[in-house]
Amino acid sequence: MDSRVSEPQQKILKFIIEYNRLEGCSPTNREIGEAVSMSSTGHVAHHLVALEKKGLITLIHGKSRGIRVNERYLGGLRLVGAIAAGAPLDYFPDTEQESVDLNANIVGHTYALVVRGNSMIEDHITSGDLVVIDPDAVVDNGDIVVATRVDSETDGSAATLKRIYRENGQVRLQPANSEMSPIIVPAVTWDREWKVQGKVIAVHRRCS
């Protein structure tokens with residue numbers, strides 16, 4: 001931590017990073033105050049301005065959750081949203097999230113997603129973990145992938161995290177949870193409605 005950053009500011013910055021990791025968005029000033037035992041949101045705002053002047057964060061004025069942690073400080077791997085490890089859910093890029101420090105050596109188009117759900121627990125991927133996705137990787141049978149299905153009626157898409165198997169004229173998206181059933185898609189339907197967005201190349205979990 002930069003020696004110019006005071007102890008209260010270090011606590012605030014640490015909480016912002018941890019909150020982003022768990023919730024996929026930035027905390028409000030009130031939530032920050034409660035977390036660092038600072039009763040005045042004015043005092044929180046003062047420290048946030050100081051952190052911005054020191055180049056550690058960027059404040060987006062007019063938004064209650066408008067705090068972005070500086071990419072240089074975090075290391076430059078984008079955290080772009082959340083991925084379901086259960087039933088597919090709507091997948092939207094997280095425009096407020098800037099980056100998360102996982103591995104300075106990861107380059108190219110890699111990005112991170114927060115796992116929501118427990119369909120991959122037998123592969124030791126649990127809810128709250130961060131999975132690192134390489135959209136350019138070659139995908140083989142048995143790889144863990146982000147698969148999305150386009151909804152032609154809503155022009156939206158649903159994404160899920162599963163192991164992929166192409167077999168017998170169909171595609172099987174296999175959960176790593178013995179209590180859950182796979183998603184079976186006929187090959188012709190897969191080609192028309194589904195797409196692999198990338199392959200999981202790393203999993204990050206904070207141990208406490």
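**Group meeting: Asn141 and its surroundings**

Good morning. The accessible surface of this chain comes to about 11200 Å², and 47% of that surface belongs to carbon and sulfur atoms. I should say at the outset that what we have here is a predicted model.

Let me begin with the chain as a whole. The model contains 5 helices and 11 strands. Of the 208 residues in the chain, 42% are buried. Taking contacts between residues at least 6 apart in sequence, 58% join residues at least 24 apart.

Next, confidence. The mean pLDDT of the chain is 81, with 76% of the residues reaching 70 or more. The lowest confidence falls in helix 4, residues 71-74, where the mean is 54. The highest is found in strand 9, residues 170-174, at 97. As a general caution, predicted coordinates should not be read in detail where pLDDT is low.

I now turn to a single residue, Asn141. Where does Asn141 sit? Its place is in the loop that runs between strand 6 (130-134) and strand 7 (144-151). Asn141 has a relative accessible area of 44%, so this residue counts as partly exposed.

Which residues does Asn141 touch, leaving aside those up to four places away in sequence? They are Ile164, Tyr165 and Arg166. Let us consider Arg166 further. Asn141 and Arg166 are 25 residues apart along the chain, and their C-alpha atoms are separated by 6.5 Å. In addition, a polar atom of the Asn141 side chain lies 2.9 Å from the backbone nitrogen of Arg166.

To close, Asn141 is a loop residue whose side chain has a polar atom 2.9 Å from the backbone nitrogen of Arg166. Thank you.

Key: Residues numbered from 1 in each chain as written. Predicted model: local features only at pLDDT ≥ 70, side-chain atom pairs only at ≥ 80, totals over all residues. Heavy atoms only, no water. Helix = DSSP H or I, 4+ residues; strand = E, 2+ residues; numbered from the N terminus. Buried < 20%, exposed > 50% of the residue type's maximum accessible area, 1.4 Å probe, protein only. Contact = heavy atoms within 4.5 Å. Polar contact = N/O pair within 3.5 Å; in protein donor to acceptor, adjacent residues only side chain to side chain. Areas by Shrake-Rupley, 256 points an atom, 1.4 Å probe, with all protein chains shown as cover. pLDDT = per-residue confidence, 0-100.
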